[in-house]
Structure formats: structure tokens, C-alpha cells
Amino acid sequence: RKPVEAVKEAVQHAAAKLTDAATPRVPGAPGSGTPALAEPTEPAEPLPPKPEQGTPEPRTPTGAVPGCPAAAFAQQGAYLTTAQGARLRDTDHSLKAGARGPILLQDHHFREKITHFDHERIPERVVHARGAGAHGVFTAYGTAEAITRAGFLKKGRETPVFVRFSTVLGSRGSADTVRDTRGFATKFYTDEGTFDLVGNNIPVFFIQDAIKFPDVIHAAKPHPDREIPQAQSAHDTFWDFVSLHTEAQHHTMWNMSDRGIPRSYRTMEGFGVHTFRLVNDAGATVLVKFHWKPRLGVHSLLWEEAQLISGVDPDFHRRDLYDAIEAGAYPEWELGLQVFPDTPEETFAGIDLLDPTKIVPEELAEVQRVGKLVLNRTPSNFFAESEQVAFHLGNLPPGIDVTNDPLLQGRLFSYLDTQLTRLAGPNFPQIPINRPHAGVNDMLRDGFHQHAVHAGVAPYRPNSLDGGNPFEAGDDENAFVDVPVRVAEAPKIRANPVSFADHFSQTRLFWQSMTPVEQEHIVHAYTFELGKCYEQAIKERQVQCLADIDPVLCERVATGLGLPVPKPTTPLAEVVPSPALSQVGAQWPAEGRIVGIVVGPDADLPGVTAVREAAFGAGLVPLVIAPHGGQLGDLTVQRTFDTARSVEFDALLLAAAPAPAPGAVRDAKAGTADPAPIDPRVLRLAEEAWRHAKAIGAWGDGTAVLRAAGIAGTPGVISAYAGPDTFAAVQELLATHRVWQRFASV
Ligand code: HDE
């Protein structure tokens, strides 16, 4: 708090200077005719405008009309108007010199409309351009109260949030299901100021120092000459970088695993990646890593599914998120903390907590749950919310502070900086989605797109003219306190700690923690991606890295690429696998999963109705797939054989074996195992669903499809007498996400 004496002195100084002025303005100055300023000792609201300083509406410091939702600024009244509020009687014809004449320059409505349109696009994010956001609420369990003073983590406290999920590499219009890291950025609108937890679905990062971010991104983005490939890491420059720069190997392994192709945003874990420092009321500190744990478990796509979806439904994840929220199947995560003592070494179990290429296995430090996030509202306007939201690691509430992780330190600079171009100037915190829910009384003024109409004459401290406002908060008034950590006496150097040099042991730990089927997916991913590279030297260099990670992995990938198998260049680390890293084995709620039901004119329609009711009752989404759109008896058709593709469904039910449409080309398989020909599109649905290890059930005529596809009696393929029995068995299989036994490696 500024000493009162200083304010008093400033007042006296100003008053003395103004004694002889013609129109003294300082209250209490000789000749001013106004009473002397009381000594400002208490914080107060900003000064109101003087009576002669009216603005059109009374506004809060951030520019909002009190009690008026942001949307009301956008659409008021029933009539179409210009941006200046003048009503328009025609917006379809430009003003011309006669019906066949040229457009007149004086057509101000035309110019306003086209000019605005010309400037509708803003620069997309340099990374994480493709994303989708949703609103929700975070409720604290109170389990973190002892270790942090952050108010939003106090028991029962509810905080509004906005979450944006994203891919990293692709442009705004790229497909959702590409192999990539996913962003998981959360804005908590706490009443002590906004907290942004800007994380990913992968707990480690490619680089250890932020200064290398342009390098890794330039390598991963499309080649600069032809701008190919879009949203992919399967190309030379990416593998050139990660094979030369081996600290990227751990993150790359996660990308090559099933984590790189999530089934849904709802089934992704989230990680803060860096270690943060929490401080409690007594000033005691701990180090923590943030985790988001999805209620529905962690599930992924298969690579073939991901590729098909990129064409069939490039908006797959976005649609899934919004459909789930609109259906009331609200996505949920628990926020968890791994807590470590704040020791001078900043290590735990020998792991350097400042190294963002390392995890601390959950078996060594339990993830303690501190609250629950529920996403329950879709944005009203994609641009206004998902596009304009601006996250920043420096948005921290009291009780959460940063560490010296060099990646985190660099990010503290980058996020604020990038918004200056992307959102055109420094006033982006005034954009509705970015406005804090805590009162704002800053002394930031002017700049492009200033929406606030600030009152007062003294946006500086100390001041006497605005009564000393605004005041600095005292220690007991919820101010953010930088934890006074000791900064080591050290020479100024460009170097890493020695522990940062270990690039392979945790990469090996990840590989060894996978089940055989997950390892098989990793081998295929490396073989696919390196198989897309043109440069032999790059492939060989990456295969050498694999040799330094694990000889079995190396041999399998090298064989797939037709390359010799190199020997490790360093001794292989002894690692203890972490089963928590695997996605296979556990059972999860199946809510919100999509079940396709194939019907035909002769299907058991009452059975289908009963299945639909059971599915809705279990929180699943049943979609009827029929030969044509419209109605089939009482059933409304949601997909036709033309619009449905197996990749959209988590499980498939067959209530009929529809015959091919007249004139259709007969599928080679139709009729081989069953005399009655079956529509080839239905056979493809069944075959693909089987290949992708999905639960499949059939009853009545539907069982003929199983026989024709040659999949009857195989694991996870159910034939039952009635629809509801079939559904019950399939529902049970959905709890493990896939029928893992179908994979050769299981
Ligand atoms: Fe980011 N990152 N990042 N990043 N990042 C951006 O900020 C940056 C990193 C992450 O949905 C940019 O507003 C640097 C790690 C997410 O709006 C930019 C470094 C993690 C999002 C930026 C990193 C992330 C971003 C681009 C290396 C996980 C999307 C647009 C030091 C913990 C947020 C923007 C959204 C976005 C910089 C590394 C997550 C350029 C310099 C590690 C989820 O500022």
C-alpha cells in the first residue's frame, strides 16, 4: 500500500502550483472554492464522470452496460439497420444510375456492407488454429485448500469456465481427426481474476526451451515451397527435426501412439505439462502438475478410422462435442494434482520437475482430485467465442505461481504477444469472451479498439486528482503475491541443466508401458509416417533413435520400412513400466456413445423401437440407418445407406439384411456365404465395424449380414433372438471401448 504521506505530499504540491492559476481545479486549493481533499485511505470504485461528461450509456470499466448481456449490443430492435442504427428498406440492390447503370460511389450502405465483409477474417492462430470451445462450470472439492490460497479451489466454489480444444498443426479449416497433439485450454473466470490453464492432451513437449518453438513448428508445418502436407507430421521436415533433436522423441512417441488420434474431446486427458508452484495462506509452497481426467475414460480412434473420418466428417470432434452437450450428455473431467515437495533441487524421485519432456508416473505420485469440470453450454457464436478467446499462461490467480521451467518462462511472453496481431491491438481483454468476471480497475488506456469509456483524469499512481484511486490491495486483500523464491547466484549462460540431456529413458518407459495392441499401433504409426518421407537419411536417423529407445520397436519399424536394423548407440535405460499410461483394460461408462441400427422395410420395427428406448435410457445415442430417408413405419430415419459410414458409430446393430437397390453393382461377397444378396453398403458397414474392433449385434434377419460378411461367431459379434438382448450385450462390450481380442497381437 502506498504510504498515505506520499499522497498528502502530492496533494499539497499540486495545490501549491495551482495557487495563482486562473481556474484552479484541485479541490481544496486556494481559490478553488471546493473543500480540501480528504486523505484517501480506502479503496473505492472509479470516480464517476463529471456531470458535464456524460456518455450515451452508463458503462462499467470494461465497456459493458451494467446488466446488459453482450449479445444485446449485437442485435437490437426488429429492423435491419446500418452499423450506425439507421433503418434500411433495401439491402439486396446497390444504388445504381438506372437499373442497368453503374453503381454509385455514394452508396454508403453498399460500401459499409462490403468493406465490413472484406475484413471479416482475422489471422488464424499460428498454432492451434483449428479448435472448438464450450462453456461450463468448475466445482471445487476443497481438497486443495491446504496447499493453495486460490479461492476457486475452496470447497463448493463454482466458477464459470470456457474450454477450447484444438489440434496444433492444421489450419482453421483442417480435419479434426488428424494425428497430432490436442490443445486443452481452460479459462476459469474466478472472482480473484482469470486463471488460464493452457494445456495439451499429451503431458510432455517437444522442446525444453521456448527459444526452439519456432524451429519445431516450422519443421512440423507444411513445407514452405508447396504448402504440403496440411495438418500432418508424416513428412520430411518434421522427421528431420525430431530425429536430429532427440529431446523431441518422447513427445513424438506419444503422437505415434493412440493418444495422437483421440476418439473424442470428451475422452481425452489433459495436462498442464509444466510444474507450477502453489502457495497457501501461510506462504507455504508445493510444486504441482495439473491433470484433467475424463469421466468417460481415455479412448482413441484407429488410424484407418481417423483417415476415413477426415473425409467423411472433417468436423467429427467438434460435432461430437456440441451434439453431446445439446443431448444433455455433458462432458466431464476431474481436475487432479500431482503434488511434490518444493525442494531446492526441484526434483521428485530423481525426475527433474523443470524438464517439460518428463512425466512423473502416477504410480509414483498419485493424481489427487480437487474439483470437477462440466461443459454444459455451446457457444452462441463461433467467431465471437472460440475464435476470439485469448489464453495466456500469465493469467494466474493468487495462490498459483510459475516455476523456472524454461518452456513455461518463454510461454509467459508469447501468449500476450501473439494476441497483439491476432486480435489487433492490446485491448483484447475487453472482448466479451475474454472479460474477467472479477472487477477490473486497471490503468491501461487507449489503443486500438478501446471499448471502455474510462472516467477520471489520473490513470497513474500515485495521484491525488482521482483521490488516489485505484488502490493497491494489502496482503490480506486477496492480492496476487509473487512467491519470493530464491534465484540462484549463477553466471548468465545459454545452457540446460545436465539432467535435461536424458532423452530416451522416459520414451522407453512409455513404450514399455503399452499393451501389445497399443505397441502394434505405435509400430504402424512410425512405419506409416516414415514411409511418407522421401529422404532416406532422415528415415535411417529416426530408426537409429528407435534403436536407442527399444530394440523390438526398432526392429519392427525398420522391417516395415525395409531398412537395416541398427544397434543402440547408448546403453538402454532400466525402466519400471507405468500401467496408468495404457488405455486398454479398464471399464468406462458408455454414455454418449453412438450406436447405428441398420433397418430395412422388413425389419423387426417394434424390436428396433424397444432397442432405441433402451439406448436412450442408458444415455446412448441410437441412430437409425435405412435404405432411404424419411420414415420407416413409426421410425424416423437419421442416416441412409448413402450418408452413413461405419466410422461414425461406436457400435453397430443389424435388425435387417436389406437387399441391394435395383440396378446396384453386386458386391463380390454378397451371396457367397448366404444365398440372399445383401446391399453392399450394409456389408461394408459391418466389415468396417468389425475391422475396427467395434461391438456388433444382430437379431432376426440381421444375422444374415454377419454370415455374409464372414464375421458371425467371432469375438464381440452378438447374435440374439430379440433386439433388447442384442443391445444389452453390445452395451456391455462398449464399456471397454473396443473388442480388443480382435487384434492379432492380443
Ligand atoms: Fe502454446 N501457443 N506455445 N503450448 N498453446 C499458442 O497462443 C507457445 C505449448 C497451447 O485454444 C499461441 O493464442 C510457445 C505447450 C494451447 O487459443 C502461441 C510454446 C503447451 C494453445 C503459443 C508453446 C501449449 C496454444 C498461438 C513453447 C501445452 C491454444 C495462439 C514455449 C502445455 C490456445 C495463441 C487456444 C497456443 C506459444 C508450447 C498449449 C503462439 C512459444 C508446452 C492449448 O502464443
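**Annotated sites, ligand shell and helix packing**

The UniProt annotation "active site", from an unreviewed entry, covers His128 and Asn200. The two positions are spread over 73 residues of sequence, yet they cluster in space. Their largest C-alpha distance is 10.5 Å. The model examined here is predicted. In this model, His128 lies in a loop, between helix H3 (108-118) and strand E1 (131-140). Asn200, the other position under the "active site" annotation, falls within strand E4 (193-200).

The surroundings of the ligand were examined next. The shell around the ligand holds 25 residues. Those that come nearest are Arg125, His128, Gly183, Ala210 and Val273. Four elements give two or more residues to this shell: strand E2 (158-167), strand E3 (182-190), strand E4 (193-200) and helix H10 (406-422). The largest share comes from H10, with six residues. By class, the shell divides into 13 nonpolar, nine polar and three charged residues. His128 thus belongs both to the "active site" annotation and to the residues that come nearest the ligand.

The same unreviewed UniProt entry type supplies a domain annotation. "Domain: Catalase core" is listed for residues 81-469. Over residues 81-469, the chain is 21% helix and 20% strand. The end C-alpha atoms of residues 81-469 are 40 Å apart.

Three helix pairs were then analysed. Helix H6 (residues 249-256) packs against helix H11 (residues 505-513) at an angle of about 20 degrees. Their axes are 8 Å apart. An angle under 35 degrees counts as roughly parallel, so H6 is roughly parallel to H11. The crossing of H6 and H11 is right-handed. On the H6 side, the contact uses Gln249, His250, Met253 and Trp254. On the H11 side, Gln506, Thr507, Phe510 and Trp511 take part. The residues of this contact divide into four nonpolar, four polar and no charged.

The second pair joins helix H5 (residues 236-244) and helix H13 (residues 536-549). Their axes come within 9 Å and cross at roughly 40 degrees. H5 and H13 are therefore oblique to each other. H5 passes H13 in a left-handed crossing. Asp236, Trp239, Asp240, Ser243 and Leu244 in H5 meet Ile538, Arg541, Gln542 and Cys545 in H13. Charged residues do appear in this contact: by class, there are four nonpolar, two polar and three charged.

The third pair is formed by helix H12 (residues 516-531) and helix H14 (residues 551-561). The axes come within 9 Å and the crossing angle is roughly 40 degrees. H12 and H14 are therefore oblique to each other. The crossing of H12 and H14 is right-handed. H12 contributes Val523, Tyr526, Thr527, Leu530 and Gly531 to the contact. H14 contributes Leu553, Arg556, Val557, Gly560 and Leu561. The contact of H12 with H14 has six nonpolar residues, three polar and one charged.

Backbone geometry was considered last. Most residues other than glycine have a negative phi, and most peptide bonds are trans. Several sites in the model depart from this pattern. A cis peptide bond joins Ile228 and Pro229, with omega about -5 degrees. Pro229 is placed in the loop between helix H4 (213-220) and H5. Glu227 is also placed in the loop between H4 and H5. Phi of Glu227 is near 50 degrees, a positive value in a residue other than glycine. Another cis peptide bond joins Asn469 and Pro470, with omega about -10 degrees. Pro470 is located in the loop between H10 and H11. Asn469 carries the last number of the range that UniProt lists for "domain: Catalase core", residues 81-469.

Notes. Residues numbered from 1 in each chain as written. Predicted model: local features only at pLDDT ≥ 70, side-chain atom pairs only at ≥ 80, totals over all residues. Near = placed C-beta within 6 Å. Nonpolar A, V, L, I, M, F, W, Y, C, P; charged D, E, K, R; others polar. UniProt positions renumbered as here; feature names shortened; annotations may be inferred. Axes fitted to C-alpha atoms, helices over the stretch in contact; angles between N-to-C directions. Parallel < 35°, antiparallel > 145°, perpendicular 65-115°, else oblique. Left-handed = near helix turned anticlockwise from the far one by under 90°. Contact = placed C-beta atoms within 7 Å.
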